[in-house]
Amino acid sequence: MTGKAEGSLLYLDDVSVSFDGFRAINRLSLVLEPGEMRAIIGPNGAGKTTMMDIITGKTRPDTGDVLFDGSVDLTRLDEAAIANLGIGRKFQKPTVFESHSVEDNIALALKGRRGAFAALFHRRSAAEQGRIDVLLATIRLSDKRDLLAARLSHGQKQWLEIGMLLAQEPRLLLVDEPAAGMTDAETAETAILLKEIAKTQSVVVVEHDMTFVRALGVKVTVLHEGSVLAEGSLDAVSVNPKVIEVYLGR
Amino acid sequence: MITSFLIDSLDRRGRVVVALLVALALLVPAGNLLVPEGSAFHVSTYQLTLCGKYLTYALLALSVDLVWGYCGILSLGHGAFFALGGYAMGMYLMRQIGSRGVYADPVLPDFMVFLNWKELPWFWQGFDMAWYAFLMVALVPGVLAFLFGWLSFRSRVTGVYLSIITQALTYALLLAFFRNDMGFGGNNGLTDFKDILGFPIQEPGTRAALFSASALMLALGFVIASAVVRSKLGKVLVAIRDAESRTRFIGYRVEHYKLFVWTLSAGMAGVAGALYVPQVGIINPSEFDPAASIEAVIWVAVGGRGTLVGPLIGAVAVNFGKTWFTGVLPEVWLYALGALFVVVTLFLPRGIVGLWETVVSGRSKPAKEPDEAGEKAGEAA
């Protein structure tokens, strides 16, 4: 089992999970190479978010293997441990800390010691401040750094959350519908930003917006009823009759 | 390092509060002891003790706010920690009575002689020593809170469920302390205190000193709470309050953070209880009454949760109202308290402090309560 996973960054094999008899994920297998960017598409209820929940430790699979880095068994770890291992997650609905300033949101996400006592006596170092400044510039919120996150627009919150994700310096980013609720211009910029990120980190993007997926130009996995229906380039899966039937055709 | 950590922690408003409390600690006892009776500035011993009691309530309110206002843990059982601190102090005061009790037993308190006990139970050992008793004042509630918190936060019990368990905790203790076999004086509790640290407890000088101690302890509690809240840990606590699961996914062990602030808060409540007991002269199981814990939550809501000054103002204002009401219209008080809570919840979500800030800055109230919105977002994710 470990042999097959060798060399992969994320390895899901024969994973199933049921909620009250409903099979949200049904014998799902997926392999992600280091440095790879992957788009995941599928109709509502296909199990996209549940798959993210399994990878990040929120949901335990009933059966199957979930391995990170070829050997680390993610099913035995909790959310915090998985996050510190280097897996970052952006939620479908932007979830930022609304009563903190934009800058503090980034500062909290910044990679570093996570213990309670380390936090109690923590003083922000010049290096950390520099890193925060760079990140704020990347997500174009430098001039809004002192604003409460609650006051940001929807698109700005999405970007702030991407900034928080980058601050964690994860090796794998799970991004759930980053373009949801964005204007066309913001969507295009988000695609550019994600491609930039994908140069150094592995990224999994769940998305409904086909123009966005096309703009990313990466390998696509189509999920349906909790398992993989098709895999390949967007053009290849678009002409797959099974995919057309369950998803694109409707 | 700790000292600079504490001093740096105060903002301008915090410095004003600490300065006021220190001034209070000096001026009120002076007004009681030095200013002659009949002068407009004289403070009667009754007023002094009453205000001292309010200050201990303010410390309790501060401890409730630390967990509720900043970490979203609504405790409906903080009175339990307050009472435990009070009992620890009461045990010390009982041992100070010595052979001056009705039965004149040099070691055993009266109620134990009455129950025909031959020797001191193990948990009463050491309470003749002030340092040990004063340590227990914070340690006993702290350890109980640690165990309780460790079990519930690890199992991710949150929200209403946690509130109900805290209520059950204080109710269980209420029933337990009512029993004579527990060895805490049953429903009479501990009373008839004579001395504290060798000073007669009824003397005006001792009462003035107890008032000062309450004011200074409140100031210290305020400084500690301020340091915690303004540290990065405090920011993580607010993050947990607003979006708990998001905080987990960034890599913070939410349960550790909750446990820290919960235990600290319980210790603070214990100290408040310990200062309360010598000033009112009695501790009995009614302090564990769930209603008392709920009242403390109301103080915080009225004053303004999520602010450090709010609970102080709320505790003093509501208790002043209580003293006044129960004197003038005793039967109306509970209705007034209930109405106050409804009015504050509906119209003043950020309490008196929030109202004041709105008036001063002239700006409209914040877009929404971060609490509910954040929690829902976390759920949806």
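**Stop 1: chain B as a whole.** Select chain B and colour it by secondary structure: 16 helices and four strands should appear. Keep in mind that this is a predicted model. Along the principal axes, the C-alpha atoms of chain B fill a box of roughly 65 × 55 × 50 Å. A compact globule of 381 residues would have a radius of gyration near 21 Å, and chain B agrees because its value is 21 Å. Buried residues make up 48% of the 381 in chain B. If you like contact maps, count the contacts in chain B with a separation of 6 or more: 78% of them come from residues 24 or more positions apart.

**Stop 2: a helix pair in chain B.** Now select residues 12-33 of chain B, helix α2(B), together with residues 204-230 of chain B, helix α8(B). Their axes come within 9 Å and cross at roughly 180°, which makes α2(B) roughly antiparallel to α8(B). Show side chains where the two helices meet. On α2(B), the residues to look for include Val17(B), Leu21(B), Leu24(B) and Val28(B); on α8(B), they include Phe211(B), Ala215(B), Leu218(B) and Phe222(B). What classes of residue make up this contact? It has 18 nonpolar and five polar residues, and no charged ones.

**Stop 3: where the chains touch.** Bring chain A into view. Here 28 residues of chain B are in contact with 25 residues of chain A. On the chain B side, select α9 (232-242), α10 (244-249), α11 (254-280) and α16 (370-380), each of which supplies at least two residues. Which of the helices gives the most? That is α9(B), with seven residues. Coloured by class, the side of chain B that touches chain A shows 17 nonpolar, five polar and six charged residues.

**Stop 4: the six-stranded sheet of chain A.** Hide chain B and follow the open sheet in the order β6-β7-β8-β3-β9-β10 of chain A, where the pairing is mixed. The edges are β6 and β10 (227-232) of chain A; each has a single partner strand, so one side of each is left without a neighbour in the sheet. From one strand to the next, the twist averages 20°. Next, pick β3 (residues 37-41) and β9 (residues 219-224) of chain A, a parallel pair joined over four bridges. Ala39(A) has Val220(A) in β9(A) as its bridge partner. Add helix α8 (residues 184-198) of chain A, which packs on the sheet and touches β3, β7 and β8 (202-206) of chain A. The direction of this helix makes about 150° with that of β8(A).

Move on to the edge strand β6 (residues 87-90) of chain A. Is β6(A) covered on one face or on both? Both are covered: Ile87(A) and Arg89(A) are buried on one side, and Gly88(A) and Lys90(A) are buried on the other. Strand β6(A) runs parallel to β7 (residues 172-176) of chain A, with four bridges between them, and Ile87(A) stands opposite Leu172(A).

**Stop 5: the four-stranded sheet of chain A.** Finish with the open sheet ordered β2-β1-β4-β5 in chain A, where the pairing is antiparallel. Strands β2 (22-32) and β5 (72-73) of chain A are the edges, each pairing on one side only. Seven bridges join β1 (residues 10-19) of chain A to β2(A), and one pair to label is Val15(A) with Leu28(A). Last, show helix α2 (residues 48-55) of chain A, which lies across β1, β2 and β4 (63-68) of chain A and runs at about 65° to β2(A).

Note on methods:
Residues are numbered from 1 along each chain as its sequence is written. Chains are lettered from A and ligands numbered from 1 in the order in which they are written. This is a predicted model: local features need pLDDT of at least 70, side-chain atom pairs count only at pLDDT 80 or more; totals for chains, interfaces and linings use all residues. Two strands pair if DSSP finds at least two bridges between them. Two residues are in contact if their C-beta atoms, placed from the backbone, lie within 7 Å. Axes are lines fitted to C-alpha atoms, for helices over the stretch in contact, and angles run from 0 to 180 degrees between N-to-C directions. Ala, Val, Leu, Ile, Met, Phe, Trp, Tyr, Cys and Pro count as nonpolar, Asp, Glu, Lys and Arg as charged, and the others, Gly among them, as polar. A residue is buried if 20 or more other C-beta atoms lie within 10 Å of its own, exposed if 12 or fewer, and partly exposed in between; C-beta atoms are placed from the backbone. The radius of gyration is taken over C-alpha atoms; the globule rule is 2.2 Å times the number of residues to the power 0.38. Angles under 35 degrees count as roughly parallel, over 145 as roughly antiparallel, 65 to 115 as roughly perpendicular and the rest as oblique.
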